[in-house]
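Subject: The structure I promised you

Hi,

Here's the structure we talked about. Have a look at it first, then read on for what turned up.

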Amino acid sequence: MTSPVVLLFTRDLRVHDHPGLVEAVGSGRAVVPLFVLDPHLITRSPNRSRFLMESLVDLDRSLQARGARLVIREGDPGLEVARLAKEVGCNEVWATRDVSSYAHRRAASLAEHGVESVEFPGHAIVEPGDAAPVGRDHYRVFTPYLRAWSGAARLSVAPAPGCIPFPGGIELGPRPNAARFTPDSPDVPPGGETQGRARLAAYATGAVAGYTDLRNMPAADGTSRLSPYLRFGCVSANETAQRLASGGDLVRQLAWRDFFLQLLAGDPRLADQDLRPPVDGWRTDPDGLEAWIAGRTGLPLVDAGMRQLAREGWMHGRVRMAVGSLLTRRLEIDWREGKGHFDRLLIDGDVASESGNWQWVAGTGTDPRRGRVLNPVRQARRFDPDGEYVRRYVAELADVPAPAIFAPWRDPSLLRTCGYPAPIVEVLDR
């Protein structure tokens, strides 16, 4: 009797455009969809854990509608996967290819238990290594990577299977329970493929047309807000790129996602180590870090971004650059401190993109202009010209009009009246 396929779900919590699932169903064998809750991961970020649980609930419903169920185990992933594989009588596990140190450790653990990992594409649009320079396995500069990426072959978008054969006699394990985690941020979006696909469909037929004009304007909220769903694989990057092909600048952002993924594949240590050493080193500044985390730096655009993060578990991309630049370039605090705070709150916190973007803004990564420093006042004047974004998140400045809202410290009486702090660093306000 042919053993079933154990299909391990990780950051691919969907049934649409899932190459591994398509291959498993097409094999003619029964399929055991599996997810392992790692206690060391699910305690790191209540925001992400809540989103994860909602995504697992949704995935189980989608599998059930196709005749299968999501089997869940909790514990060490390598050990739990190996146990289930041996329970159903197979010596291999199918999974979507990943490049993080965590994924490498999981595969090594499986090998120690005599279980082979069979890997399929699915996280990237262009898999790491499929667009590489001559004589090297990855690019370190984005522009030539983008040219190679744009010309690389793509997989066709695969529909969800109509029926998934599921074997009997398997203990399903604990059911995913979103109420198990109370998010730190009150306004986190709901997780799951159903939510992600609805958001993708709505954006593809509407707001994507205005992305180029609005993407840098945080008050307009003209971005797709798909990043949490891409991070958990509730929607595939491949399908997203094809459905949003008319939004050229948006597809370019997806290319950045693949760029950082292939960079991490080339050296998994980059999750926490500098690609290039910092120009001037780092300072220890507990008070500065505390003010930055609390959104009390006295710089309105930065504080608005940090408070948006605390409220929503998400921050506008343009503002992420401004808050990161202040932390690393003006306060000279190690980017890993900022990444650590983001990692606790960001729903879309992804090891490749987060380490890549933080190093880019800190000058230790791929940005060729290592001395680039973003002035938060100028950024606010340019991208939030009416002060709408700042007023939305910084309650103390809700009644302050532009242009005073960009540099409120120029009027000390205003600061005293509204209770907003003076800036913790000197910034040119013109």
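Start with the aromatic rings: Y139, F142, Y145, W256, F259 and F260 are linked into a cluster by ring pairs. Keep in mind as you browse that this is a predicted model. Counting across the model gives 14 aromatic pairs. One of them is W292 with F342, a stacked pair with the ring centres 6.0 Å apart and 10° between the planes. W292 belongs to helix α12 (residues 286-294) and F342 to helix α15 (residues 335-345), so this pair ties together parts that are 50 residues apart in sequence.

Are W292 and F342 buried or exposed? Both are buried. They also turn up in the largest nonpolar core, which has 108 residues, and there W292 and F342 touch the most other members. The element that gives the most to this core is helix α11 (residues 248-266), with 10 residues. As a bit of background, nonpolar side chains in soluble globular proteins tend to be buried together.

If you click on W292 and skip its neighbours within four places in sequence, you'll find it in contact with T297, V302, M306, V323, L326, L327, G338, H341, F342 and W358. Apart from the core around W292 lies another one, of 17 residues, and V32, L34, V71 and I170 are among them.

Two other tryptophans have a charged partner. R154 lies over the face of W149, 4.3 Å from the ring centre. For W314, the charged end of R225 sits over the ring, at 3.8 Å from its centre.

Now go to the beginning of the chain and find strand β1 (residues 5-8). Which residues cover its two faces? V5 and L7 are on one side, V6 and L8 are on the other, and all of them are buried.

What does β1 pair with? Strand β2 (residues 31-37) is one partner, in the parallel sense, over 4 bridges. Strand β4 (residues 92-96) is another: it runs parallel to β1 and is joined to it by 2 bridges. L8 is a handy residue to follow here, as its bridge partner in β2 is L34 and its bridge partner in β4 is A95. You've met L34 already, since it's in the core of 17 residues.

Last one: β1, helix α1 (residues 19-26) and β2 together make a β-α-β unit, and it's right-handed. Try tracing that path on screen.

Cheers

Note on methods
Residues numbered from 1 in each chain as written. Predicted model: local features only at pLDDT ≥ 70, side-chain atom pairs only at ≥ 80, totals over all residues. Heavy atoms only, no water. Buried < 20%, exposed > 50% of the residue type's maximum accessible area, 1.4 Å probe, protein only. Pairing = 2+ DSSP bridges. Right-handed = clockwise from strand over helix to strand, strands pointing away. Phe/Tyr/Trp six-rings, centres within 6.5 Å; stacked < 30°, edge-to-face > 60°. Lys NZ or Arg CZ within 6 Å of the ring centre and 35° of its normal. Core = buried A, V, L, I, M, F, W, Y, C linked by side-chain atoms within 4.5 Å. Contact = heavy atoms within 4.5 Å.
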